[in-house]
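Please walk me through this model. Take the sheet and its helix, then the interior, then the charged pairs.

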Amino acid sequence: MAMIDAFYIFTKGGLLLWSTQFVKVKGNPLDWLIKEVLLEERMGEATAKKDEYGFKWKLVNEMDLFFVVVYQGILQIAYLEGLLSMV
């Protein structure tokens, strides 16, 4: 079964509020996502890929929070959209 590798919640200002890793994540893919995708104003997008990881996120403007799921990039995880829509 396809699984989530990590889940992060952080503010628009970059303060990490909560995180968990279900498996060991190599390197720091969250830093890449923030620096290369979110700060580059590609926030209209909701997915990205870096090396072996896929990212899916949701920005909740009312709370200024990002909810980010990290998963194995080769997998198609159908339930991620539903998971993030519950936020």
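The model is predicted. A good place to enter is Lys 56, which is found in strand β4 (residues 53–60). Is this lysine buried or exposed? Lys 56 has a relative accessible area of 14%, so it is buried. The cut-off for that label is under 20%. Its neighbours come from several parts of the sequence. Leaving aside residues up to four places away, Lys 56 touches Ala 46 and Thr 47. Lys 56 also touches Phe 67, Val 68, Val 69 and Tyr 71. Leu 80, Glu 81 and Leu 84 complete the list of its contacts.

Now step back to the sheet. Five strands make up an open sheet, and their order is β2-β1-β5-β4-β3. The pairing is antiparallel. At the edges stand β2 (16–21) and β3 (47–50), each pairing on one side only. From one strand to the next, the twist averages 15°. Helix α1 (residues 29–38) packs on this sheet. The helix touches β1, β2, β3, β4 and β5. Its direction makes about 60° with that of β4.

Follow β4 to its two partners. On one side, eight bridges join β4 to β5, and the two run antiparallel. Within this pairing, Gly 54 stands opposite Tyr 71 in β5. On the other side, four bridges join β3 to β4, again antiparallel. Here Lys 49 stands opposite Gly 54 in β4. Gly 54 thus has Tyr 71 across from it in β5 and Lys 49 across from it in β3.

The link between β3 and β4 is short enough to count out. These strands form a hairpin with two residues between them. Asp 51 sits in the turn and has a positive phi of about 50°. Asp 51 is also exposed, with a relative accessible area of 66%.

Turn next to the interior. The largest nonpolar core has 16 residues. Which residues have the most contacts inside it? They are Leu 33, Phe 55, Trp 57 and Val 68. Four elements, β1, α1, β4 and β5, each give two or more residues to this core. Helix α1 gives the most, with five residues. There is also a second, separate core of ten residues. Among its members are Ile 4, Phe 67, Leu 80 and Leu 84. Three of these names are familiar from Lys 56, which touches Phe 67, Leu 80 and Leu 84.

Aromatic rings come next. A pair of aromatic rings is described by the distance of the centres and the angle of the planes. Across the whole structure, a search finds three aromatic pairs. One of them joins Phe 10 and Phe 66: the ring centres are 5.2 Å apart and the planes lie at 20°, so the pair is stacked. The cut-off for stacking is under 30 degrees. Phe 10 belongs to strand β1 (residues 4–11) and Phe 66 to strand β5 (residues 65–72). The pair links distant parts of the chain, 56 residues apart. Both Phe 10 and Phe 66 are buried.

Charged pairs close the tour. Side chains of opposite charge can pair when their charged atoms come close. How many salt bridges are there? The count comes to three.

Take Asp 64 and Lys 12 to begin with. They form a salt bridge, with the closest N and O atoms 3.8 Å apart. Asp 64 lies in the loop between β4 and β5, and Lys 12 in the loop between β1 and β2, so the pair ties together parts that are 52 residues apart in sequence. Asp 64 counts as partly exposed, at 37% relative accessibility. Lys 12 also counts as partly exposed, at 45%.

Another salt bridge joins Glu 52 to Lys 26, with the closest N and O atoms 3.9 Å apart. Glu 52 is in the loop between β3 and β4, while Lys 26 is in the loop between β2 and α1. This pair, too, links distant parts of the chain, 26 residues apart. Glu 52 is partly exposed, with a relative accessible area of 30%. Lys 26 is exposed, at 60%.

The remaining salt bridge is between Lys 50 and Asp 51, whose closest N and O atoms are 3.6 Å apart. Lys 50 counts as partly exposed at 28% relative accessibility. Its partner Asp 51 is the turn residue with the positive phi.

Key
Residues numbered from 1 in each chain as written. Predicted model: local features only at pLDDT ≥ 70, side-chain atom pairs only at ≥ 80, totals over all residues. Heavy atoms only, no water. Phe/Tyr/Trp six-rings, centres within 6.5 Å; stacked < 30°, edge-to-face > 60°. Buried < 20%, exposed > 50% of the residue type's maximum accessible area, 1.4 Å probe, protein only. Contact = heavy atoms within 4.5 Å. Pairing = 2+ DSSP bridges. Axes fitted to C-alpha atoms, helices over the stretch in contact; angles between N-to-C directions. Salt bridge = Lys/Arg side-chain N within 4 Å of Asp/Glu carboxyl O. Core = buried A, V, L, I, M, F, W, Y, C linked by side-chain atoms within 4.5 Å.
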